[in-house]
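Here is a protein to wander through, one piece at a time. Have a look at the fold, and then we'll walk through its sheets, a salt bridge and a pocket.

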Amino acid sequence: MTRLERDDSDIIERIDHEERVFSGKLVKVNRLDVTLPDGRPAMREAIRHPGASAIVPVDADGLVTLVRQFRAPIGRVLLEIPAGKLDHPGEDRAEAARRELREETGLSAGKWTHLTDIVTTPGFCDEVISIYLAEELTRGETDPDEDEFLNIVKMPLSELTERVMRGEIADSKTIIGALMAQELLKEDGHGV
């Protein structure tokens, strides 16, 4: 057994009790009473998030469609791949990706590839974002949520990945999605 495959039972915390302390529009905050591996009690805080899907839409010319939007928690505008939360528990993540791509950009895709699922901030949140590559794009009408204001940006995927590597992109799902899409398309011989 390698070091990465070892038995981790000696570091697992047991959750003894979980209590909801706040319910918001997007997240719920729970208090977890746990028993540490050495038997001592401890308290953890956990944000329960419904999850999300994100999309790297790349057209036949190698252009990726991005959105610029203001993010109130950090007080600034970010350049991001289109994304959105699941509408209900158990919603199909690929269906959510199709919906969000259409709503935010007006695009539909004929080819979908699941790139990965990421755990965004496991120290305090259970959010999982599924990231997809969308190709064979066709344009339609946007239909953003009534409280969603976006500016659409198109650029070569190669430029986006260069910006990622220069540290100019702060959004984690965009960083991961861009790098994975670039690598996959390069492997497929698209030379993006």
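**A helix across the strands**

Let's begin with helix H3 (172-187), which lies across strand E4 (52-57), E7, E8 and E9. H3 runs at about 115 degrees to E8. Keep in mind as you look around that this is a predicted model.

Now for the strands under discussion. In general, the strands of a sheet pair through backbone hydrogen bonds, and they can do that in a parallel or an antiparallel way. Here, 4 strands make an open sheet, and its order reads E7-E4-E9-E8, with mixed pairing. What does it mean for E7 and E8 to stand at the edges? Each of them has a single partner strand, so one side of E7 and one side of E8 are left without a neighbour in the sheet. As you go from one strand to the next, the twist averages 20 degrees.

Zoom in on one pair from that sheet. Strand E8 (107-119) and strand E9 (residues 128-139) pair in the antiparallel sense, over 11 bridges. If you'd like a spot to find on screen, try Lys111, which stands opposite Glu135 in E9.

There's another sheet to visit. It is open too, built from 3 strands in the order E6-E5-E10, and its pairing is antiparallel. E6 and E10 take the edges with a single partner strand each, so each has one side with no neighbour in the sheet. Neighbouring strands in this sheet are turned by 30 degrees against each other on average, direction ignored.

How do the strands of this sheet match up? E5 pairs with strand E10 (residues 151-156) in the antiparallel sense over 6 bridges, and there you can spot Leu66 standing opposite Val153 in E10. E5 also pairs with E6, again in the antiparallel sense, over 5 bridges. Val67 has Glu80 in E6 as its bridge partner, while Gln69 has Leu78 in E6. The hairpin of E5 and E6 has 4 residues between the strands, and in this hairpin Gly75 takes a positive phi near 70 degrees.

Time to look at some side chains. A search of the whole structure turns up 20 salt bridges. In one of the salt bridges, the side chains of Arg44 and Glu13 meet at 2.6 Å, N to O. This pair links distant parts of the chain: Arg44 sits in strand E3 (residues 41-48), Glu13 sits in the segment before strand E1 (14-23), and the two are 31 residues apart.

Last stop: the empty space. Rolling a probe the size of a water molecule over the atoms shows where such space is left. The largest pocket holds about 1,400 Å³ of it. Which residues lie nearest the centre of this pocket? They are Leu26, His49, Gln69, Arg71 and Glu127, out of a lining of 35 residues. You've already met Gln69, the bridge partner of Leu78.

Several elements each supply at least two residues of the lining: strand E5 (63-71), strand E6 (76-80), strand E7 (83-85), helix H1 (93-105) and helix H3 (172-187). H1 gives the most, with 4 residues. Sort the lining by residue type and you get 14 nonpolar, 6 polar and 15 charged residues. And so H3, where our walk began, turns up again, both lying across strands such as E8 and supplying residues to the pocket lining.

Conventions
Residues are numbered from 1 along each chain as its sequence is written. This is a predicted model: local features need pLDDT of at least 70, side-chain atom pairs count only at pLDDT 80 or more; totals for chains, interfaces and linings use all residues. Side-chain values use heavy atoms; hydrogens and water are left out. On a 1 Å grid over the protein atoms alone, a cavity is a set of points where a 1.4 Å probe fits but cannot get out, and a pocket is an open set with protein on both sides within 12 Å along at least five of seven lines; lining residues have an atom within 4 Å of a point. Grid points are joined across faces, edges and corners, and a volume is the space filled by probe spheres set on the points. Ala, Val, Leu, Ile, Met, Phe, Trp, Tyr, Cys and Pro count as nonpolar, Asp, Glu, Lys and Arg as charged, and the others, Gly among them, as polar. Two strands pair if DSSP finds at least two bridges between them. Axes are lines fitted to C-alpha atoms, for helices over the stretch in contact, and angles run from 0 to 180 degrees between N-to-C directions. Contact means heavy atoms within 4.5 Å. A salt bridge is a side-chain nitrogen of Lys or Arg within 4 Å of a carboxyl oxygen of Asp or Glu.
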